[in-house]
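Here is a quick walk through some of the contacts that hold a chain together. Take a look at the sequence and the model first, then read on.

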Amino acid sequence: MNTTIKNAKLLIFDLGNVMIDIDLQASIKGFHYLGFDDIKDNISASHAGDGFMGKFETGDISVEEFYDEVRKYCDCDFTDDAIANAWNAMIGEFPQERVRLVEKLKEKQRVVLLSNTNELHRQAFDAMADGYISIDLLFHRTYYSHELHMAKPNAQIFLSVLAEEGVKPEEACFFDDSDLNLQAARKLGIHAFKVDKQHDILSYFK
């Protein structure tokens, strides 16, 4: 294991494609069926906090308002459930070995979750961690963009987590699949590590 990671006072994990597999194409297909053909562009905009999807990720619109915005955008009358199913289709598996990894790390280090997410996704993934009624119980603490009203790569969300945890940037390690988020963390002095198909989260702790 990397010495920097081993000696870190705080380990910050992203959720999507770090702990839970994400299949964006599944949601794109679901929304295409609803008549929402440029869903990919809207999701990309949400990562920058733009558009109604961005507002949903930062908790600035409610679930009901999100449904209404989708219906207005695609000029359709699909039910709430149809929209929720398309939106949540991207949520994949939560492998048990990743759950076990967090459990093991918690024995010696502080492990928290920092995720750009929303209320619908939270409801869908909350009970997916093997052996836990809520993912909140797996980590020492969970930080969600829609509850904090800010999202990565905004520097303030990282500073907020560091302040809450009482650690300096150089005492923390951050694991994420987004280059933008990783760059933002590094600018603050946080040690940042990319998680992808070549380097999954388990590989950093061998």
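Which residue forms a salt bridge with R100? It's D130, with the closest N and O atoms 2.9 Å apart. Keep in mind that this is a predicted model. R100 sits in helix α7 (residues 96-105) and D130 in the loop between α8 (119-125) and β3, so the pair ties together parts that are 30 residues apart in sequence. R100 is partly exposed, at 33% relative accessible area, and D130 counts as partly exposed too, at 31%.

The salt bridge count comes to 15. Here are three of them, with the closest N and O atoms for each pair:

| Salt bridge | Closest N and O atoms | Separation in sequence |
|---|---|---|
| R100 and D130 | 2.9 Å | 30 residues |
| E165 and R110 | 2.7 Å | 55 residues |
| D176 and K152 | 2.9 Å | 24 residues |

The E165 pair links helix α10 to strand β2, where R110 is found. E165 is buried, with a relative accessible area of 14%, whereas R110 counts as partly exposed at 31%. As for the third pair, D176 belongs to strand β4 and K152 to the loop between α9 and α10. Both D176 and K152 are buried. There's also a salt bridge network, which links R122, D126, D136 and E147.

Now back to helix α10, which spans residues 155-165. Besides E165, its buried residues are I157, F158, S160, V161 and L162. What do the buried residues of α10 pack against? Their partners are strands β1 (10-13), β2 (110-115), β3 (141-144) and β4 (172-176), plus helices α9 (145-148) and α11 (179-187). Both ends of this helix are worth a look. At the N-terminal end, N154 acts as a cap, with a side-chain oxygen 2.8 Å from the backbone nitrogen of Q156. After the helix comes G166, which has a positive phi, near 70°.

Last stop: a helix pair. Helix α2 (residues 24-34) and helix α6 (residues 80-88) pack with their axes 7 Å apart, at an angle of about 150°. Angles over 145 degrees count as roughly antiparallel, and α2 and α6 are therefore roughly antiparallel to each other. On the α2 side, the contact is made by S27, G30, F31 and L34; α6 brings in A82, I83, A86, W87 and N88. Sorted by class, that contact has six nonpolar and three polar residues, and no charged ones.

Note on methods: Residues are numbered from 1 along each chain as its sequence is written. This is a predicted model: local features need pLDDT of at least 70, side-chain atom pairs count only at pLDDT 80 or more; totals for chains, interfaces and linings use all residues. Side-chain values use heavy atoms; hydrogens and water are left out. Axes are lines fitted to C-alpha atoms, for helices over the stretch in contact, and angles run from 0 to 180 degrees between N-to-C directions. Helices (H or I, at least four residues) and strands (E, at least two) are DSSP runs, numbered from the N terminus. Angles under 35 degrees count as roughly parallel, over 145 as roughly antiparallel, 65 to 115 as roughly perpendicular and the rest as oblique. Contact means heavy atoms within 4.5 Å. Ala, Val, Leu, Ile, Met, Phe, Trp, Tyr, Cys and Pro count as nonpolar, Asp, Glu, Lys and Arg as charged, and the others, Gly among them, as polar. Buried means under 20% relative accessible area, exposed over 50%, partly exposed in between (1.4 Å probe, protein chains only). A polar contact is a pair of N or O atoms within 3.5 Å; within protein, one must be able to donate a hydrogen and the other to accept it, and residues adjacent in sequence count only if both atoms are side-chain atoms. A salt bridge is a side-chain nitrogen of Lys or Arg within 4 Å of a carboxyl oxygen of Asp or Glu.
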